[in-house]
Amino acid sequence: MSTTADSRTALRICPLCEATCGLTLTIEGTRVTSARGDRDDVFSQGFICPKGASFGAADGDPDRLRTPLVREDGELREATWAEAFDAVAAGLRPVVERYGPHAVGAVLGNPNVHTMAGALYPTVLLAGLGTRSLFTASTLDQMPKHVSSGLLYGDANAIPVPDLDRTDHLLLIGANPLESNGSLCTAPDFPGKLKALKARGGTLTVIDPRRTRTAKLADRHVAIRPGTDALLLAAMAYVLFEEQLTDLGELAELVQGTDELREAVKDFTPEAAAEACDVDADTIRALARELAAAPTAAVYGRIGSCTVPHGTLASWLVDILNILTGNLDRPGGALFPQAATDRTPRPAGPGHGFALGRWHSRVSRHPEAKGELPMAALAEEIDTATAEGEPIRALVVIAANPVLSAPDGDRLDKALGSLDFMVSVDPYLNETSRHAHVVLPPPPPSQSPHHDFAFNTLAVRNQVRYTRAAVPLEPGRMAETEILARLVLAATGMHGADPSAVDDLVISQTLGKAVKEPHSPAHGRDPGGLAAQLTGETGPERRLDMMLRLGPYGDGFGVRPEGLTLEKLLDQPHGIDLGPLQSRLPQPLKTRSGLVELLPQPLADDLPRLRDALRRRPEGLVLVGRRHLRSNNSWMHNIPALTGGTNRCTLHIHPDDADRLGVTDGAPVRVKGAGGEVVAPAEITDAVRRGVVSLPHGWGHDRPGTRTTHAAVDPGVNVNQLLDGSLLDPLSGTAVLNGVPIDIAPTGTTL
């Protein structure tokens, strides 16, 4: 940090997307006036995108709530923190005591993984409530990858990432990292890494129905028919077997089910898949041959291949291709990161495995996945009575806006209005939080510390960074960690207790378990004595210190003096580089066999549904979403610097389709789906293939009672209102958001 007479600078890790770039903030008084990339950051090395450059505008948005809101006589009024938490305790506890814990639902949004508070406290809240009514953004995004990883490796969080800095051949399917900055693959300067791949003679292949910015950079762009990703990947696996191109290498003794897998994909010939995918058989064979021939290669799939009818199968087949070519767990392929706050690595060997469907949703009987129910089922779990237990009567919403992000927001909007009680932790009064009885606003990011617990488990290089708050808390503000700790106490019958009790409890429980684990450096030691060694100014910092000490690089509470502690991390404000990704198998495996299980039964049972898709070729137009570099879902449309230009809510349509349907550029177009109808301006472009139209996600800021002034000026339309929530990937419960049939027509024309 440096200081001048008029301003000072401070370091901050950017929380606005998954790239986690290091920033240098310029601060005047308590106001962030500018942000630039931190050139000394060990991970991002000075890279910054438009979102990071607009950190100050996002941080200082005048529409951010500054005090709690409490509903009285149907209206939200400003309240003290004491009044707000009194209201939370009075609203939640009677519901639990009268109807049971499952009558209280919890909704966690994407921003939770971008804050320390969101990483440290929701699990404690859920355990304290004992509810099974959990809904998160994962079932609108990445849950298929969690499920496929759980089934393959026994751990839903064991997600291999492409070794971008060393690979010779990268195949991207349903991913557009030049716009998204990467997802489930934490990589600052993803564009630079792709350009470096090509500069060293590597090959980039992109499979996407749109000619995205990423596709324009590719050596080969395959414009697949949306929703057929799993068919294409299965056909590639078929080619690897048929042409004897499989080479598991060192993986051979770590996998089981190769013969069964060969039999399972025998019907997915390139010729059979070609018509459904709208990709010719020769191209499919070429994709497989190029993958097998590369010295090293990695296949990486993202949201476009997850939010489709066969999302879990597609996610599974991404890893299958990496395995069959010997590229899983080797440098230049796809590797398992090792975060500094990971649990103490246990010895390799069989584990408990991964199970689906341990319980089901009450109305449609959707199976849980990773402890979650489908977000698409939230409305019916509130508004529909059945004999199977109580509906959800109260809701805890943390950093989530499902009215815009989930299918059929109109129905969910009405359902939220019928709740007995709702508390929302959110900096804005948005389309969802406007229904809350209590709104608890966290401070802006400059006033919060930051460590990336989740994203470091997905990083393309092992490293660890921590930044304390760049600006002191304003008077009247409450730290987000304290807000969530007090929420835990209010929701679990401990209202009024010191919030430090939550951190103390977690520390006591964690160390109590660690001293009993033979592989832990804390084994056999006194947990109270270990707790006394923890440093840090706050409970969250003490928890971070504990996790670092117990983690794979930690000092083990003095066992390894050279190891990590919070104090050592604070001494390195630009972070500590822990080196490139390393081969780690079999240690990450937690399957019952202790091996990579190539064809788990739930996946085998879902393959007949994929075979049926070989014979289907939907007629008419289908809808896909799209990402913008200057937004992150529905977060940033209230920041003037991040809207306008290409970041607009328009309907992309191919010139041939526009001509056939009488659509003119810039004119309003009616778009109708199973869940409703919206009107958006047409943008005619050959960047989208014939038969496909595209609307971006996260818009629709036109509901009354919100306080997002700039977003309301150009609200756009909610693309998810075209969906009725009935289309789900059955294994993961993930909503089908891409490849959805729709009808369009110029306004004034009957659909």
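The legends below describe close-up views of a predicted model.

**View 1. A seven-stranded open sheet with mixed pairing.**
The strands follow the order 5-4-17-16-15-6-7. Strand 5 (75-78) and strand 7 (134-136) are the edge strands, and each pairs on one side only. With direction ignored, neighbouring strands of this sheet are turned by 15° against each other on average. At one end of the order, strand 4 (residues 69-72) and strand 5 are antiparallel and share four bridges. Within this pairing, Arg 71 has Leu 76 of strand 5 as its bridge partner.

**View 2. Helix 19 on the seven-stranded sheet.**
Helix 19 (residues 480-491) lies across three strands, namely strand 15 (394-398), strand 16 (421-425) and strand 17 (438-440). The helix runs at about 160° to strand 16. These three strands stand next to one another in the sheet, in the order 17-16-15.

**View 3. A four-stranded open sheet with parallel pairing.**
The strand order is 11-10-9-13. Strand 11 (220-222) and strand 13 (298-301) each have a single partner strand, so one side of each is left without a neighbour in the sheet. From one strand to the next the twist averages 15°. Strand 9 and strand 13 run parallel and are joined by four bridges. Leu 170 stands opposite Ala 298 of strand 13. Helix 13 packs on this sheet and touches strand 9, strand 10 (203-207), strand 11 and strand 13. The direction of helix 13 makes about 135° with that of strand 11.

**View 4. The largest nonpolar core, with 65 residues.**
Tyr 153, Met 236, Trp 316, Ile 323 and Val 596 are the residues with the most contacts inside this core. Two or more residues each come from helix 6 (143-153), strand 9 (169-173), helix 10 (229-242), helix 11 (258-264), helix 12 (270-277), helix 13 (281-293), helix 15 (311-324) and helix 24 (601-613). Helix 10 gives the largest share, twelve residues. Strand 9 and helix 13, which both contribute to the core, also touch each other where helix 13 packs on the four-stranded sheet.

**View 5. Surroundings of Val 596 in the largest core, and a second core.**
Apart from its neighbours within four places in sequence, Val 596 is in contact with Leu 152, Tyr 153, Leu 254, Val 255, Gln 256, Ile 323, Leu 585 and Leu 589. Of these partners, Tyr 153 and Ile 323 are, like Val 596, listed among the residues with the most contacts inside the core. A second core of 54 residues is separate from this one and includes Ala 84, Leu 92, Leu 125 and Leu 126.

**View 6. The aromatic pair of Tyr 153 and Phe 336.**
The structure as a whole contains three aromatic pairs. In the pair shown, the ring centres of Tyr 153 and Phe 336 are 5.2 Å apart and the planes stand at 90°, so the arrangement is edge-to-face. Tyr 153 belongs to helix 6, whereas Phe 336 lies in the loop between strand 14 (334-335) and helix 16 (378-383); the two are 183 residues apart and link distant parts of the chain. Tyr 153 has a relative accessible area of 0% and is buried. Phe 336 also counts as buried, at 3% relative accessibility.

**View 7. The salt bridges of Arg 77 with Glu 83 and of Arg 393 with Glu 390.**
The closest N and O atoms of Arg 77 and Glu 83 are 3.6 Å apart. Arg 77 is partly exposed at 28% relative accessibility, and Glu 83 is partly exposed at 35%. Arg 77 falls within edge strand 5 (75-78). Between the side chains of Arg 393 and Glu 390 the N to O distance is 3.0 Å. Arg 393 is partly exposed, with a relative accessible area of 22%, and Glu 390 is partly exposed with 35%.

**View 8. The salt bridge between Arg 542 and Asp 504, and a charged network.**
The count for the structure comes to 45 salt bridges. In the one between Arg 542 and Asp 504, the closest N and O atoms are 3.4 Å apart. Arg 542 lies in helix 22 (residues 539-550) and Asp 504 in helix 20 (residues 500-514), so the pair ties together parts that are 38 residues apart in sequence. Asp 504 counts as partly exposed, at 40% relative accessibility. Elsewhere, salt bridges with shared partners join Glu 242, Glu 243, Glu 271, Arg 285 and Arg 289 into one network.

Technical notes: Residues numbered from 1 in each chain as written. Predicted model: local features only at pLDDT ≥ 70, side-chain atom pairs only at ≥ 80, totals over all residues. Heavy atoms only, no water. Pairing = 2+ DSSP bridges. Axes fitted to C-alpha atoms, helices over the stretch in contact; angles between N-to-C directions. Contact = heavy atoms within 4.5 Å. Core = buried A, V, L, I, M, F, W, Y, C linked by side-chain atoms within 4.5 Å. Buried < 20%, exposed > 50% of the residue type's maximum accessible area, 1.4 Å probe, protein only. Salt bridge = Lys/Arg side-chain N within 4 Å of Asp/Glu carboxyl O. Phe/Tyr/Trp six-rings, centres within 6.5 Å; stacked < 30°, edge-to-face > 60°.
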